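Hi,

Here is the structure I promised to pass on. Have a look at it first, and then read my notes below.

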Protein chains: 2
Amino acid sequence: MAESARRARGGGGAARRAARKAVSFETARYIERNIPNFEVLTEEALEIIEQNADAVLEEIGVNFPDNPEALALWREAGADVQGERVRIPRGLARKLCSTAPSTITQVARNRDRDVVIGGRNLVLAPVYGPPFVRDAAGGRRYATMADFEKFVKLGYMSKWLHHSGGTVCEPTDIPVNKRHLDMLHAHMTLSDKPFMGSVTEPSRAQDSVDMCGILFGKDFVQENTVMTSLININSPMTFDDVMMGALKVYAENNQACIISPFIVGGAMAPVSVAGTLTQVLAETLAGIAYSQLVRPGAPVIMGAFVTSIDMNSGAPTFGTPEAAHITYGAGQLARRLNLPYRSAGSFTGSKLPDAQAAYETSNSLNMGLLSGVNFMLHACGWLEGGLVSSFEKFVMDADQLGTLHHLARGVEIDVNAQAMDAIREVGPGGHYLGCAHTQSNFRDAFWKSDLLDYKPFETWSDEGARDTQSLATARVEKMLADYQQPALDPAIREALDAFVATRKAAEPDSFS
Amino acid sequence: MAESARRARGGGGAARRAARKAVSFETARYIERNIPNFEVLTEEALEIIEQNADAVLEEIGVNFPDNPEALALWREAGADVQGERVRIPRGLARKLCSTAPSTITQVARNRDRDVVIGGRNLVLAPVYGPPFVRDAAGGRRYATMADFEKFVKLGYMSKWLHHSGGTVCEPTDIPVNKRHLDMLHAHMTLSDKPFMGSVTEPSRAQDSVDMCGILFGKDFVQENTVMTSLININSPMTFDDVMMGALKVYAENNQACIISPFIVGGAMAPVSVAGTLTQVLAETLAGIAYSQLVRPGAPVIMGAFVTSIDMNSGAPTFGTPEAAHITYGAGQLARRLNLPYRSAGSFTGSKLPDAQAAYETSNSLNMGLLSGVNFMLHACGWLEGGLVSSFEKFVMDADQLGTLHHLARGVEIDVNAQAMDAIREVGPGGHYLGCAHTQSNFRDAFWKSDLLDYKPFETWSDEGARDTQSLATARVEKMLADYQQPALDPAIREALDAFVATRKAAEPDSFS
């Protein structure tokens, strides 16, 4: 943090000056855990999985199709390359991974909102990728840029959300080859929280870097991580050339990537937890090793998007105990690699922000906190297996993220917390509501929802007997009405506008 | 278990013969954890809390009002008794607690459904105590005996529920002084799972023991625990003479009691976690010590019903992080006393079985599993801060209890679980759906909901776009339609009928 702040005196000056003028809403600092991690794997199990992952890399190998440059790097590093198949000698991938940093400071244009990803920290970012949106008034529909902007505004206003995310929904009304420009522009101008870059083409990753150059200063970007982007692995064990191309752009420019299998267990990985963890480890070792071949020291996060399947229908299932086992186990594996870890989120298969959605989401959020996740993408707003970004669920989940902050605080044990004076003052049969200790501690003692209903039945009934979704609809409206754009240096804003206009004019629209 | 089975050759013969004839629905065995407990308190914090609890007992003491018999027992044991105040010298309460057994086998009339409470086990029992019920069709209304019977039937049919519970709702259409007879009769005849006894008067506890004498055989009851009943402490630090009278009846008859503070933190205990834990420990030490004064070796469970408060409205709040801290901490304290531990449940303040209800419930259920709870009362069906038993939420929560069973299994690491053959067979770019390992393992690999929706959007939409509550309404109806009463020896049934009739005729109805 201190080092980043010093560097900011260089290229980040304009951003910092703008930040000082911004109308700002309260955002909690990223979570610094004061509780232990929960661990389900024994030392013996961890060693077996690590040995098996090495065997997978050495005997079976991984594919880097349509990517002669990557194959050349691998060959040079000592791998056995046959066609697109890369077999990595035992221990090599792990050795290459050792140059990756164990924590990453991602700088935001409002420096109070920088996040440190790694260690005992947890950074929360919103839903990523859905082509549809849903709200109570409009139902389920294709997402548009107007929806995208609303989600960025809601994220900016959400106290417990540290990160603005990336593709909070797919703006399907904007050409595929141009929407990344509008999305980045929205994150940069409608919010001052950290954000993600585009990965759908290497050229779009380069656009992301260039736009950050305008926002933060070109040199500043080379010396600081200002984006964290999502590089998915095509499980099992295939590294798509487009994704690898985007990874290369980011690694070369010192920008962070999550390198993450995307696994529905039983389909893209074995149906067993230990088998899936073996594959997750083999894949992330290969992907992270590759990032270090591109640029030793490139900032990367070990990812694990893993869930289970309903074997009857083939549908993915979320918030399940097997997903929890994998998430806990992958956390242990990441810590043994000394790498930041991404997993968990507001996952659900439900079509509505109903009880199913909340059960599954709570299961996953709690597991994410306890498994030591450092970067939680999809921490709010995910619905219908990731096909839908839900406005109501976004604010519902974002409210629940407050519970993770308070859980992570752990238990204080100083004299004030011991409260012996209060117990003496009140005594048997008394009550604590009015006692001195309660009066001086109650404000910060308990997490309090900004959304959920705690009213007596009669009051609740008189006010319309609203369920959680209805309360959330009202909260979405209120937050959007209260939204105020954070200030930004007009020169930077103009330069961003001009960059987007120029790049859009440079090629014809494409919708595929 | 072996010892109980041997003893059953005596008085339990009739029950066993009947059980063999019963039409029976599948019930999972109680949970035997193969995962660690989650611990939030350091050794230092635990010692401070234990020392403070001893200080509370010695310096402040606890009240046993209107109970000269209890005061005499305490005086005899070496306590300083002044009026109704009992001050317990440092270490005495803990020493008295050491005669309580560390595990309790509660026998069911279907011996396959015996539960072992303690150790690494978790036994799940339904909601207890609400005066109201709710379902989608009928809304919120006072509970009746017909409702009660439906809940007992649903509990009997619920695969993941090990226990029939007690007052699953208050049958308000039956006189207060007689409803315990009908409730016990329902548990004994409509289900074959273990159940709880009455605590609202010592005479009603005696009726419970006498009815168990009919069901199991009189001698059998004296030698086996066949009931677990709920003894609440009037926090702070007051032991109600009615509850203590019921405890005495049960302890003298070898029947188990949960001895449990009922605390809304900030009102009945200090607003801090460490302070609340100190009071919880002092109260349970005093209550359990008293049970051992009545009968050394009496089976007891250390309880902690503790939640937080909304300091603005004074309403209790559920599924909160502070409740989690207390539940985790109390589990650590219980294990250091080597006593079975009761806490957590399907807690929520919501008025409806909606997303709020599910968030709060999931938070509490997950915490209950990880905190080492041995007996979870209220594991399904609780709504509106415990004022309402919800039919829909009962089956929704009961379904989620399956996730706890699967989570508790931990992660297998044998050769089959390692799945290296599958990874070799499938290779990069393949898929696992058809591979041999998947085919031979998928049936038991993943927990599967019997309720939640995993269907594609279009199918779900065509089928009426139902939310979780609607799915649950249908499941309640189906389970009640499928219900078949477990067989019971007609002579026992007649004797139970006659006992209830005789006891009802012996005194006039009272509704207060």
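**What I found**

In chain B, an open sheet is built from 4 strands in the order β9-β8-β18-β17, with mixed pairing. Its edges are β9 (139-142) and β17 (382-383) of chain B; each has a single partner strand, so one side of each is left without a neighbour in the sheet. Before you go further, please keep in mind that this is a predicted model.

Staying with that sheet, β17(B) is joined by 2 bridges to strand β18 (residues 388-390) of chain B, and the two run antiparallel. If you want a spot to zoom in on, Leu383(B) stands opposite Val388(B) in β18(B).

Chain A has an open sheet of 4 strands too, in the order β9-β8-β18-β17, and its pairing is mixed. There the edge strands are β9 (139-142) and β17 (382-383) of chain A, each of which pairs on one side only. Strand β8 (residues 132-135) of chain A pairs with β9(A) over 4 bridges in the antiparallel sense. One place to see this is Asp135(A), whose bridge partner in β9(A) is Gly139(A).

Next, strand β7 (residues 121-124) of chain B. Which way do its side chains point? Asn121(B) and Val123(B) go one way, while Leu122(B) and Leu124(B) go the other, and all of them are buried. That fits a general pattern: in a regular strand, side chains alternate between the two faces of the sheet. As for its partners, β7(B) is joined by 2 bridges to strand β1 (residues 31-32) of chain B, running antiparallel, and Glu32(B) has Asn121(B) as its bridge partner there. Another 2 bridges link β7(B) to strand β16 (residues 375-376) of chain B, this time running parallel, with Val123(B) opposite Phe375(B).

Now the helices. In chain A, the axes of helix α3 (residues 43-60) and helix α12 (residues 321-337) come within 11 Å and cross at roughly 75°. Angles of 65 to 115 degrees count as roughly perpendicular, and α3(A) and α12(A) are therefore roughly perpendicular to each other. On the α3(A) side, the residues that meet α12(A) are Glu43(A), Leu46(A), Glu47(A), Ile49(A) and Glu50(A); on the α12(A) side they are Gln332(A), Leu333(A) and Arg336(A). Sorted by class, that contact has 3 nonpolar, 1 polar and 4 charged residues.

Leu46(A), in helix α3 of chain A, counts as buried because its relative accessibility is 4%, and buried means under 20%. Leaving aside residues up to four places away in sequence, Leu46(A) touches Leu41(A), Gln332(A), Leu333(A) and Arg336(A). Its C-alpha atom is 9.6 Å from that of Leu277(A), although the two residues are 231 apart along the chain.

Over in chain B, Thr403(B) sits in helix α14 (residues 391-408), and at 4% relative accessibility Thr403(B) counts as buried as well. What does Thr403(B) touch, not counting residues up to four places away in sequence? The list is Pro321(A), Asn363(A) and Trp447(B).

Finally, the largest nonpolar core has 344 residues, and those with the most contacts inside it are Phe64(A), Trp74(A), Phe64(B) and Trp74(B). Not counting residues up to four places away in sequence, Phe64(B) touches several residues, including Leu71(B), Trp74(B), Val86(B), Phe239(B) and Met244(B).

Cheers

Methods. Residues numbered from 1 in each chain as written. Chains lettered and ligands numbered in written order. Predicted model: local features only at pLDDT ≥ 70, side-chain atom pairs only at ≥ 80, totals over all residues. Heavy atoms only, no water. Buried < 20%, exposed > 50% of the residue type's maximum accessible area, 1.4 Å probe, protein only. Pairing = 2+ DSSP bridges. Core = buried A, V, L, I, M, F, W, Y, C linked by side-chain atoms within 4.5 Å. Contact = heavy atoms within 4.5 Å. Axes fitted to C-alpha atoms, helices over the stretch in contact; angles between N-to-C directions. Parallel < 35°, antiparallel > 145°, perpendicular 65-115°, else oblique. Nonpolar A, V, L, I, M, F, W, Y, C, P; charged D, E, K, R; others polar.
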